[in-house]
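Trainee: I am new to this structure and would like a close look at a single part of it. Please choose one loop, and then lead me outward from that loop to its surroundings.

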There are 2 protein chains.
Amino acid sequence: MKFEPVATVRAYERVVQQIEEAVFSGTLKPGERLPSERELMTQFAVSRSTIREALRVLQAADLIRSKPGDPRGPEVLAASPAALHKSMHRLTRADHLSLAELLQFRMALDGSAHLLAARLRTDEHLAELDAALASMREGTALGYAEFSRADVAFHEAIARAAGNPLIVVCLKVVRGVVLEQIKDRLSHAGDQHALMRTWLVHHGEVLQAIRDADGELASRLARRALYDNYAEYVPECERALLEPLLDV
Amino acid sequence: MKFEPVATVRAYERVVQQIEEAVFSGTLKPGERLPSERELMTQFAVSRSTIREALRVLQAADLIRSKPGDPRGPEVLAASPAALHKSMHRLTRADHLSLAELLQFRMALDGSAHLLAARLRTDEHLAELDAALASMREGTALGYAEFSRADVAFHEAIARAAGNPLIVVCLKVVRGVVLEQIKDRLSHAGDQHALMRTWLVHHGEVLQAIRDADGELASRLARRALYDNYAEYVPECERALLEPLLDV
DNA sequence: GGCGGTATGCTGGTCGGACCAGTAACCCAG
DNA sequence: CTGGGTTACTGGTCCGACCAGCATACCGCC
């Protein structure tokens, strides 16, 4: 004879579970609408507060979205990495990671991304990368903000060419956190024009390596560029964390 | 003259942001307690419903935990990858993340982890790895569950030796998600004893490479092992995603 | 004086009702 | 047939209430 441990589960959690299950099983497709809160409260036989807490949780998980005044009710959203992005962002901020650790992670993952991109890229990917590089070239004249936006687009295009949404999300998040950490020190960076030119040259080389399907070269260039650009912000004693990733 | 777009932000969201910020900035440390809901509602000057919705969101993000009846108030939790695991799990269920992509990510990151571990490992790390390998050897007799636990410990020790908590967390989460996806197909896997022996030999080789500080060998062995063990569960058309990571 | 059980004041969980600003669909006048 | 106003209903917020559970402090018993 064995007894099961009793789990006291909150009312709102059971509401979450049922709606969650309906979304995952496909009973509720993206774009469809949930009944209104007042309708849900009769279906689930709980109060509106309970329903609302459940909807808040689902909303925080990016499963639904509700707009005040919309008579059609809360909308079921398509699965997106937005929730992944959020929890990853929280984790990196809460863990008090050092800049060296963040860069180490970026070098490791970005290196692999370039390698994969060079091997797996299609003509569409190459076109996308060409376009991104072109808009970076234009951005040089339009100022650093515009240039930086195009730069991000280039990096994301590479991660996408690698064919892995997980890599895209992770790199995007970590890049954001790195920029947050050094943005106050970044602005004084001497000659922005020279900087932009340097990056432009580097990105051109990377793109050529990817076009040639030379994954190892693209990977090495990418890691080297990350190191060259950010190592100055890393305390010397921590640079040892990064160097093993250079000479591969 | 330029106007800013007005963002109508919900009251509960601002509560979330403030508490979140306090946790991230370290003002609120793990283990500490938040004021009670009734206290918070006077501090934020909003109603209890609003406070409760905010707390629900924070709870869903694994930042706090509240127990009914506890006079000390909601507890601030240590950063944990639980939320990350949850959202990744959701993405795989929604079919936005295939097994091939998960494995690709693991191969990329685990490869780098082994490389770093070989270069950066201290004697303590080696001792820890020796211990983990020993307990795997014992686990062989105790059945698959015990063996598997020791195996996980070995992998985590390597990620730790690489010196990057972000790598540790990401690999842990992805490993968990992968196991969830194939666990139903895993149990029929023929001769478990032979399987365990194979793994044991492989882990021994990896450990030796790390001891010899041969990062490239350790990395190659790790990626190869992942591929050999899991590729059978990946549809053939998707295996092309993994192969570029083998021959580096 | 020591100790166990109880009383108390708090906690979070849930409920019901109320009001408001906003939306989308409907209807009617042009 | 179109355009603008009406209306019914939405989600967001507030309030007040009750319950069960937890810690602590108190109190009466031994």
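Mentor: Helices are taken here as DSSP runs of at least four residues, of type H or I, and they are numbered from the N terminus. With that numbering in hand, and keeping in mind that this is a predicted model, we can begin with B:Ala45, which sits in the loop between α2 (37-43) and α3 of chain B.

The backbone at this position deserves a careful look, since B:Ala45 has a phi near 60°, a positive value in a residue that is not glycine. Most residues other than glycine have a negative phi. As for its surroundings, a residue is called exposed if 12 or fewer other C-beta atoms lie within 10 Å of its own, and because B:Ala45 has 8 C-beta neighbours inside 10 Å, it counts as exposed. Turning to the other chain, we find A:Ala45 in the loop between α2 and α3 of chain A, where its phi is near 60° and therefore positive too, again in a residue other than glycine. A:Ala45 is exposed, with 8 other C-beta atoms within 10 Å.

The helices on either side of these loops lead us to the DNA. Around DNA strand D there are 22 residues, of which A:Ser36, B:Ala11, B:Val46, B:Thr50 and B:Gly69 come nearest. The surface near this strand receives at least two residues from each of α2 (37-43) of chain A, α1 (11-24) of chain B and α3 (48-60) of chain B, and the largest share, three residues, comes from α2(A). Sorted by class, this surface has eight nonpolar, eight polar and six charged residues.

Around DNA strand C there are 24 residues, and those that come nearest are A:Ala11, A:Val46, A:Thr50, A:Gly69 and B:Ser36. Here α1 (11-24) and α3 of chain A, along with α2 of chain B, each provide at least two residues of the surface, whose classes are eight nonpolar, eight polar and eight charged.

The relation between the two chains comes next. Chain A is superposed on chain B by a rotation of 178° with 0.6 Å of shift along its axis, at an RMSD of 1.7 Å, and that is the relation of a two-fold axis. Within chain A, the residue closest to the rotation axis is A:Ser87, whose C-alpha is at 2.3 Å.

Where the chains touch, 42 residues of chain A and 43 residues of chain B take part. On the side of chain A that touches chain B, at least two residues come from each of α3 (48-60), α4 (82-94), α5 (99-120), α8 (165-186) and α10 (215-230), so that α3, which follows our loop, also belongs to this contact. It is α5(A) that gives the most, with 10 residues, and the whole side divides into 25 nonpolar, eight polar and nine charged residues. Since 95% of the interface residues of chain A are also interface residues in chain B, the copies meet through the same surface.

Finally, a look inside chain B shows helix α5 (residues 99-120) packing against helix α7 (residues 144-161) at an angle of about 65°, with their axes 7 Å apart, in a left-handed crossing. In this contact B:Ala113, B:His114, B:Ala117 and B:Leu120 of α5(B) meet B:Ile158, B:Ala159 and B:Ala161 of α7(B), which by class makes six nonpolar, one polar and no charged residues.

Methods
Residues numbered from 1 in each chain as written. Chains lettered and ligands numbered in written order. Predicted model: local features only at pLDDT ≥ 70, side-chain atom pairs only at ≥ 80, totals over all residues. Near = placed C-beta within 6 Å. Nonpolar A, V, L, I, M, F, W, Y, C, P; charged D, E, K, R; others polar. Least-squares fit on C-alpha atoms with pLDDT ≥ 70 in both. Contact = placed C-beta atoms within 7 Å. Axes fitted to C-alpha atoms, helices over the stretch in contact; angles between N-to-C directions. Left-handed = near helix turned anticlockwise from the far one by under 90°. Buried ≥ 20, exposed ≤ 12 C-beta atoms within 10 Å, placed from the backbone.
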